[in-house]
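Student: I have a structure open and don't know where to begin. Can we go through a part of it?

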Amino acid sequence: MDLQSGKLYWPTTVVNPPSYPKLEEEHGFKVDLLDAQRIASLYPFQKEAALYYYEDAEMNPLKFVYGLLEKAQSQGGKIYEDTEITGRRFEQEYALFYTKEHREIRARHVIIAAGYEDSDFKTEKNATLASSYAVITKPVADLSSWPKRTLIWETARPYVYMRTTPDNRIIIGGMDKDTPFATTRDSKIPASRDKLLEAFKTLFPDIPAQPEYYFGAFYGGTHDGLPVIGRYEDYPHCYILMAYGDNGTVYNGVLAKVVSDSILKGSSPDLDLYLQTRPLVHR
């Protein structure tokens, strides 16, 4: 196997016989199942088995968002940053929002995609809120023991993920806690920082990872693991997008297509899969 840049992912429980690669390949993903011997020959740690995804992507989320805004602007979209909404009213044909500057925004269709702050508009029973933690290290001079600087994710609970940055820093994250309260979340930052660094050093004992930044933040999810398109009686003309979870970026792309089809074409065959009115099944 010629190891290329990608993502290493190992499950807490290994299925025997392993069925992962076949399922992934059926859907067009290039993936290999690494056994314990192969992992030990590549990495300075041992695991019973792991999936290796090829050509996995990395991106700077802030630059990505700016790029999307610039693309929208190039196609005629107008951007009004720092616009605070102070009120709203819904008529039969349109929605009306009022700004702090006493201006009015009138629209036949409104898409609310405010991340976890969607809850400021509407509380959704399927949504969950937890706290997650991350450490960003000082630049590391030598990362040669980290093959291809692979993206790493373990499925344990609490889980840990690891990746590098263009300036040779290491981002270590995870250690989620089931608390939606900021004061409780922040009180656990020092201990979570130490646990994340310990998890990293267990895998890469020869890399001197020194923390420079560390923080805690809210992390949203759903009970059934799927994103939500909220359409509520008290928010007519509005689509509230809740693309929460580990696949948030992918989910947002899917929901954007569903909502745009619903508005421009009058319907989408996939809308019912994501509406908040679907049967709620707890995972």
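Tutor: Start with a sheet, and keep in mind that this is a predicted model. Three strands, in the order S7-S14-S13, make up an open sheet with mixed pairing.

Student: Which strands are at the edges?

Tutor: S7 and S13, the latter covering 228-230, are the edge strands, and each of them pairs on one side only.

Student: How many degrees are neighbouring strands turned against each other?

Tutor: On average 25 degrees, with direction ignored.

Student: OK, and in what sense do S13 and S14 pair?

Tutor: Antiparallel, over 3 bridges, with S14 made up of residues 238-242. As an example, Gly-230 has Ile-240 in S14 as its bridge partner.

Student: Which helix lies across these strands?

Tutor: Helix H6, residues 248-264, lies across S7, S13 and S14. Relative to S14, H6 runs at about 170 degrees.

Student: Changing topic. Where is Glu-124 found?

Tutor: Glu-124 sits in a loop, between strand S7 (110-112) and strand S8 (127-137).

Student: Is Glu-124 buried or exposed?

Tutor: Glu-124 is buried, and it has no salt bridge.

Student: What is the nearest side chain of opposite charge?

Tutor: That is Lys-125, 6.2 Å away. A salt bridge has to be within 4 Å, so Lys-125 does not form one with Glu-124.

Student: Then which side chain does Glu-124 make a polar contact with?

Tutor: The side chain of Tyr-232, at 2.5 Å.

Student: And what is Glu-124 in contact with, leaving aside neighbours within four places in sequence?

Tutor: Tyr-232 again, along with Met-242 and Gln-276.

Methods: Residues are numbered from 1 along each chain as its sequence is written. This is a predicted model: local features need pLDDT of at least 70, side-chain atom pairs count only at pLDDT 80 or more; totals for chains, interfaces and linings use all residues. Side-chain values use heavy atoms; hydrogens and water are left out. Helices (H or I, at least four residues) and strands (E, at least two) are DSSP runs, numbered from the N terminus. Buried means under 20% relative accessible area, exposed over 50%, partly exposed in between (1.4 Å probe, protein chains only). Lys and Arg count as positive and Asp and Glu as negative; His and the chain ends are not counted. A polar contact is a pair of N or O atoms within 3.5 Å; within protein, one must be able to donate a hydrogen and the other to accept it, and residues adjacent in sequence count only if both atoms are side-chain atoms. Contact means heavy atoms within 4.5 Å. Two strands pair if DSSP finds at least two bridges between them. Axes are lines fitted to C-alpha atoms, for helices over the stretch in contact, and angles run from 0 to 180 degrees between N-to-C directions.
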